[in-house]
Amino acid sequence: MKRYLLFLLGVGYGLILHAQPERWQQRIKYTIDANMDVNTNKVTGKEKVIYWNNSPDTLHRLFIHLYWNAFQPGSMMDVRSRELGKIILGKNRKGQPVHDWDPRVRDRISKLTDKQIGYQRVKSLRINGKEQELTVHETILEVTLKNPILPHSSTDLAIDFEAQVPEQIRRSGRDNEEGVRYSMSQWYPKLVEYDYQGWNANPYIAREFYGVWGSYDVNITIDKNYLIAGTGTIQNPDEVGFGYGKTAGVPPKESATTTWHFKADSVHDFVWAADNQYKLIKRQIEKGPLFYFVYKRTSATDDTNWNLLADSVAYVYPYIARTFGAYPYRNYSFIQGGDGGMEYPMATLIKGASLGTALHEFGHNWYQGILGSNESLYPWMDEGGATYFQTRIFGWLHHDSTWYDQSYKSYYYLVKSELEEPMSTHSDHYNTNYAYGAAAYGKGAVFYDQLGYIIGKKNMDAFLLSYFNTWGFKHPNPNDLIRVAEKVSGLELEWYKRYWIYSTKTIDYAIGNISSQNNHGVVEIIRKGEMPMPLDILVTYKDGRQEMYNIPLGMMYGHKPADNSYYTWIFAPEWRWTSPTYQLELSRPNTDIKSVEIDPYGQMADVDKLNNSLQ
């Protein structure tokens, strides 16, 4: 237990012990008592909330998320899904039109009955015993405060709420395709984050999340035959049984219900799931976290698959810790539920025992759970980071760097589609679902991998740890990220952020003519695309000798270190971005040349690689 406390400072508020940039953070403490009725699919609850306004601003109102109100016919999520569904992206192999809607949502919300819809209703909200003025904007509750919250002060809120669990459509809900009874995400009235950019009161239309750092003390009362898994650490393991404590099954008791008690510190959300056929298995990592794997057992095959997943996660964790930083919490839960894979602090909902999905969602606990970038404004920071996390681990497992290829392919398809928008686009406001997904996941992952190409492998490894240690629990933005990479590498990288995130300009380099000057070969390199890049050029000579020429971009004001010792590295003069061509002078005559190749490892997202080599 001591090793986890070393990561945490303050009561219920965590900061990684490294020099932190100055940026104020709001803080919150939730105490929630909830009762789940498995017969009516309704949950009632009481919240006691302490909210610290650490900002320099006086707050005259608060905003609260009521996510489940989206699961009603005519909601913003319903209308948005059906409107995007009218867009035809093309045709499939059978000649049928491909609609641009999320196949999980489609028009399903519009068809929900009163018993299938979801809702969240705040019955009462009191501050210092006084009821506040409430205005419901579908999934956002506006609270007009009778007394403002002054800078550097706190206030106590008492909230009574009731909710109906929607039929499972997107992330939250009941009775999903795998038969899991309850996937309880976005289930409680949740305070909207207020940061240096103001209120982030985003209506819920099925996209991303952003939350206030704080602590959770949660009691959930439910039918005693249901096993619960979720965020936080169970406080009464022996009482609840099911393998959390000494009892593998349901502890004998007279009451028909069990109250589950969880606590979590330094998190920005709380998820849980419940089923009366769940099975729990564990893996304890030496000098690391305890992993829970919770799944709905239907056959012995399920046991085999989930135990294999558990063993695989336990095997890769040491590599994860030394590459991305040690997981700072006591435990983490992989839970079967939801609609595919969705990340939450200290837990994830996944559809089945897929290692790829599990690693992607586990990676979110670094980029979304601990770093906590604003997913609505910068979805690529989180989704791209988790995809990079997943593919890098698979590359390590298989000793094969081509695991990155899928992200690059996704980006290339996006470019060819002519639907690409800048990655600075708010996640809710992309013109198509397709462009959002390809940008956040594919192009976002390429951002990280290509950054390693620009600054070098050793610098990239140092960056990953420095970024984690510097900005953990600080909600970093793109500039914060790029500044860490600059400090680690000693290179100027503003240009990379500007081109890759804020534009849709593409990279395309080609090899032109090879000539001779003073008995030295001279290779002409042509920049055909609009985005300039530093280049690695591999020259192979007829005698088998190879040289790697690194051409730094002038705006970098330096060059990366040699990535390996396989070749003789030669650092060429800088290429000024205004010049469309570059003359690379080689160390040997052009008659000795066997081949010339731009970016031999394929880490640069060049949209036309057919002109990248000459033999």
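Helix 8 and helix 10 are roughly parallel to each other in this predicted model, since angles under 35 degrees count as roughly parallel and this pair packs at an angle of about 25°. Their axes lie 11 Å apart, and the crossing of helix 8 and helix 10 is right-handed. On the helix 8 side, the contact is made by F447, Y448, L451 and I455, and these meet L481, I482, A485 and S489 of helix 10. Sorted by class, the residues in the contact of helix 8 with helix 10 comprise 7 nonpolar and 1 polar, with no charged residues. Helix 8 spans residues 433–455, and helix 10 covers residues 478–489.

Helix 5 (residues 355–370) offers two further packing arrangements to look at, one with helix 9 and one with helix 6. Helix 9 is formed by residues 457–471, and its axis comes within 11 Å of the axis of helix 5, with a crossing at roughly 40°. Helix 5 and helix 9 are therefore oblique to each other. The crossing of helix 5 and helix 9 is left-handed. Here W366, Y367 and I370 of helix 5 meet L464, Y467, F468 and W471 of helix 9. In terms of class, this contact has 7 nonpolar residues and neither polar nor charged ones.

The packing of helix 5 against helix 6 has an angle of about 130°, with the axes 8 Å apart. That value makes helix 5 oblique to helix 6. The crossing of helix 5 and helix 6 is right-handed. Helix 5 contributes L355, G356, L359, H360, F362, G363, H364, W366, Y367 and Q368 to the contact, while helix 6 contributes M381, D382, E383, G385, A386, T387, Y388, F389, Q390, I393, F394 and L397. By class, the residues of the contact of helix 5 with helix 6 divide into 12 nonpolar, 8 polar and 2 charged. W366 and Y367 of helix 5 take part in the contact with helix 9 and also in the contact with helix 6.

Several of these helices reappear around the largest pocket, which holds about 880 Å³ of space. Its lining consists of 41 residues, and R104, Y436, G437, A438 and Y441 are the ones that lie nearest the centre of the pocket. At least two lining residues are supplied by each of helix 2 (76–84), strand 24 (341–344), helix 5, helix 6 (379–398), helix 7 (405–417) and helix 8. Helix 8 gives the most to this lining, with 7 residues. The lining of the largest pocket is made up of 14 nonpolar, 16 polar and 11 charged residues.

Turning to enclosed space, the structure contains 7 cavities of 30 Å³ or more. The largest cavity has a volume of about 100 Å³. It is lined by 14 residues, with H65, N202, E208, F209 and S376 lying nearest its centre. Its lining comprises 6 nonpolar, 4 polar and 4 charged residues.

The second largest cavity holds about 80 Å³ of space. Among the residues that line this cavity are Y453 and K457, together with D536, M548, K560, D563, N564 and W569, as well as D599, P600, Y601 and Q603. By class, the lining of the second largest cavity has 5 nonpolar, 2 polar and 5 charged residues.

Conventions
Residues are numbered from 1 along each chain as its sequence is written. This is a predicted model: local features need pLDDT of at least 70, side-chain atom pairs count only at pLDDT 80 or more; totals for chains, interfaces and linings use all residues. Side-chain values use heavy atoms; hydrogens and water are left out. Axes are lines fitted to C-alpha atoms, for helices over the stretch in contact, and angles run from 0 to 180 degrees between N-to-C directions. Helices (H or I, at least four residues) and strands (E, at least two) are DSSP runs, numbered from the N terminus. Angles under 35 degrees count as roughly parallel, over 145 as roughly antiparallel, 65 to 115 as roughly perpendicular and the rest as oblique. A crossing is left-handed if the near helix is turned anticlockwise from the far one by less than a right angle, and right-handed if clockwise. Contact means heavy atoms within 4.5 Å. Ala, Val, Leu, Ile, Met, Phe, Trp, Tyr, Cys and Pro count as nonpolar, Asp, Glu, Lys and Arg as charged, and the others, Gly among them, as polar. On a 1 Å grid over the protein atoms alone, a cavity is a set of points where a 1.4 Å probe fits but cannot get out, and a pocket is an open set with protein on both sides within 12 Å along at least five of seven lines; lining residues have an atom within 4 Å of a point. Grid points are joined across faces, edges and corners, and a volume is the space filled by probe spheres set on the points.
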